[in-house]
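Dear colleague,

Please find below the structure we agreed to hand over, together with its sequence. My notes on it follow.

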Amino acid sequence: MIKDSIYGLTFEQLTDWLQEHGHKKFRATQVWDYLYRKRVRSFADMTDVNKECLQLLDNHFAMVTMEEHTRQESSDGTNKFLFRLHDGNLIETVLMRHKYGLSVCVTTQVGCNIGCSFCASGLLAKSRDLTSGEIVEQIMKVQLHLDSKGLDEKVSHIVVMGIGEPFDNFTNLIDFLRIVIDHKGLAIGSRRITVSTSGLAKKIVEFADTDLQVNLAISLHAPNNELRTRIMKINKAIPIEKLMEAIDYYLDKTKRRITLEYILLRDVNDQPEHALELARLVGDRRQLANVNLIPYNPVDEHSQYQRSSKETITAFYDTLKKQGISCSVRLEHGTDIDAACGQLRSKQLRKQDGADIAAV
Ligand code: SF4
């Protein structure tokens, strides 16, 4: 039987579990400290915890449920990890170096059902959700990699923007966030974490209703329904009007800023009229919204899309600015490795299959 990952328990869940199994509350504090502060690699290394408790934990939980399959390192310090899960599935995790710290991009599902037409990950339907433990373990694997270099470096930021739609794995996402935020453990500040959704309106509302202070990014990618449906088929089920209603609820409830992600695709959604339409769509929300322009990173799987020219990107940015919209252009990382989301994984799967993946 596959044991659950110990990293999947929040501190409260671990405390309750240990108490239900006859152990005092302070044991949970000890174990938590060994997991996230001392960052030991096995239960046997928790030397202050009594043997009976360690045996119990070892009987029920695993500390390692995935192994590093491949790691690519870019000249800018970006590390792309490919992990093999216990069932053989492969997932990607990326470590990026910024001026402000070290950020990790995590995956939340094996494959994805949203089917964005520009995305290498979306070519493979979701085969399962990751558990909260598997999401936390990605952070831990990267942190242990940093620890092993002895440079005293710590993951300071998290972006939930890897493969999968995080809001389609909502309960595990929320547990994951509570675990990494916990001030007794990794203590990653809520404001240093960003969750990105393709726009599942009901879940945006549910997320607004939690007590979490985590940042939210929404993949918009087009200023009208016709174009957005072409780029993201999810727009058929959840059109822009529904999405905007949910965004308004979120803004009103949380008073926090949101990011609207906009991937620039040459001659598709990158023209001045698109920028003007986008500015109108943002409208009164401009006080609390930042548009993040993302230059498209071409992938073999989607030859129909090309990168916009520098001039077009600048013109799009200037048009938004002139309309009073706060916006930025995303810096790229790892351009000399398989940096686009899902690229490393899909390359590996192609190698295994010995054939190209058919586009859906
Ligand atoms: S961009 Fe994100 S939501 Fe869209 S298909 Fe890719 S992984 Fe899924």
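I begin with a single loop residue: Ala187 is exposed, because 12 other C-beta atoms lie within 10 Å, and a residue with 12 or fewer is classed in that way. Please bear in mind throughout that this is a predicted model. Ala187 sits in the loop that links helix H5 (170–181) to E10. Its backbone also deserves a look, since Ala187 has a positive phi of about 55° although it is not a glycine. Along the chain, Ala187 and Ala201 are 14 residues apart, and their C-alpha atoms are separated by 29 Å.

A second residue of this kind is Lys255, with a positive phi of about 60° although it is not a glycine. Lys255 belongs to the loop between H9 and E12. Lys255 counts as exposed because it has 8 C-beta neighbours inside 10 Å.

Domains

The domain assignment divides the protein chain into domain 1 (4–62) and domain 2 (66–353). Their C-alpha centres lie 32 Å apart. Twelve residues from domain 1 and 17 residues from domain 2 make up the contact. On the side of domain 1 that touches domain 2, strand E1 (4–5) and helix H2 (25–36) are the elements that give two or more residues. The largest share of that side, three residues, comes from H2.

Asp58 is a residue of helix H3 (residues 51–60). With 15 C-beta neighbours inside 10 Å, Asp58 counts as partly exposed. Asp58 and Phe43 are 15 residues apart in sequence, and the distance between them is 6.7 Å, C-alpha to C-alpha.

The sheet

Ten strands form an open sheet with mixed pairing, in the order E3-E4-E5-E6-E9-E10-E11-E12-E13-E14. Strand E3 (66–73) and strand E14 (326–329) are the edge strands, and each pairs on one side only. From one strand to the next, the twist averages 25°. Strands of a sheet pair through backbone hydrogen bonds, either parallel or antiparallel. Within this sheet, strand E12 (residues 258–264) and strand E13 (residues 289–295) pair in the parallel sense, over seven bridges. Thr259 stands opposite Asn290 in E13.

Helix H6

Which residues of helix H6 (residues 201–208) are buried? They are Ala201, Ile204 and Phe207. These residues lie on the same side of H6, because they cover an arc of only 115° around the axis. The buried residues of H6 pack against strand E10 (193–197), strand E11 (215–219) and helix H9 (240–254).

Annotated sites

Two groups of residues carry the UniProt annotation "binding site", in both cases from an unreviewed entry. One group covers Cys112, Cys116 and Cys119. Cys116 lies in the loop between strand E7 (109–110) and strand E8 (128–129), and Cys119 is likewise found in the loop between E7 and E8. Cys116 counts as buried because it has 21 C-beta neighbours inside 10 Å. For Cys119 the count is 23 C-beta neighbours inside 10 Å, so Cys119 is also buried.

The other group covers Gly164, Glu165, Ser196, Ser219, Leu220, His221 and Asn297. Within this group, I examined Ser219 and Leu220 in detail. Ser219 lies in strand E11, whereas Leu220 is found in the loop between E11 and helix H7 (225–231). Ser219 is buried, because 26 other C-beta atoms lie within 10 Å. Leu220 counts as buried too, with 28 C-beta neighbours inside 10 Å.

What does each of these two residues touch, leaving aside neighbours within four places in sequence? Ser219 is in contact with Ser196, Thr197, Ser198, Gly199 and Glu261. Ser196, one of these contacts, is itself covered by the annotation. Leu220 is in contact with Leu260, Glu261 and Tyr262. Glu261 therefore appears among the contacts of Ser219 and among those of Leu220.

With kind regards

Key. Residues numbered from 1 in each chain as written. Predicted model: local features only at pLDDT ≥ 70, side-chain atom pairs only at ≥ 80, totals over all residues. UniProt positions renumbered as here; feature names shortened; annotations may be inferred. Helix = DSSP H or I, 4+ residues; strand = E, 2+ residues; numbered from the N terminus. Buried ≥ 20, exposed ≤ 12 C-beta atoms within 10 Å, placed from the backbone. Pairing = 2+ DSSP bridges. Axes fitted to C-alpha atoms, helices over the stretch in contact; angles between N-to-C directions. Arc of directions from axis to C-beta. Contact = placed C-beta atoms within 7 Å. Domains from an automatic or database assignment.
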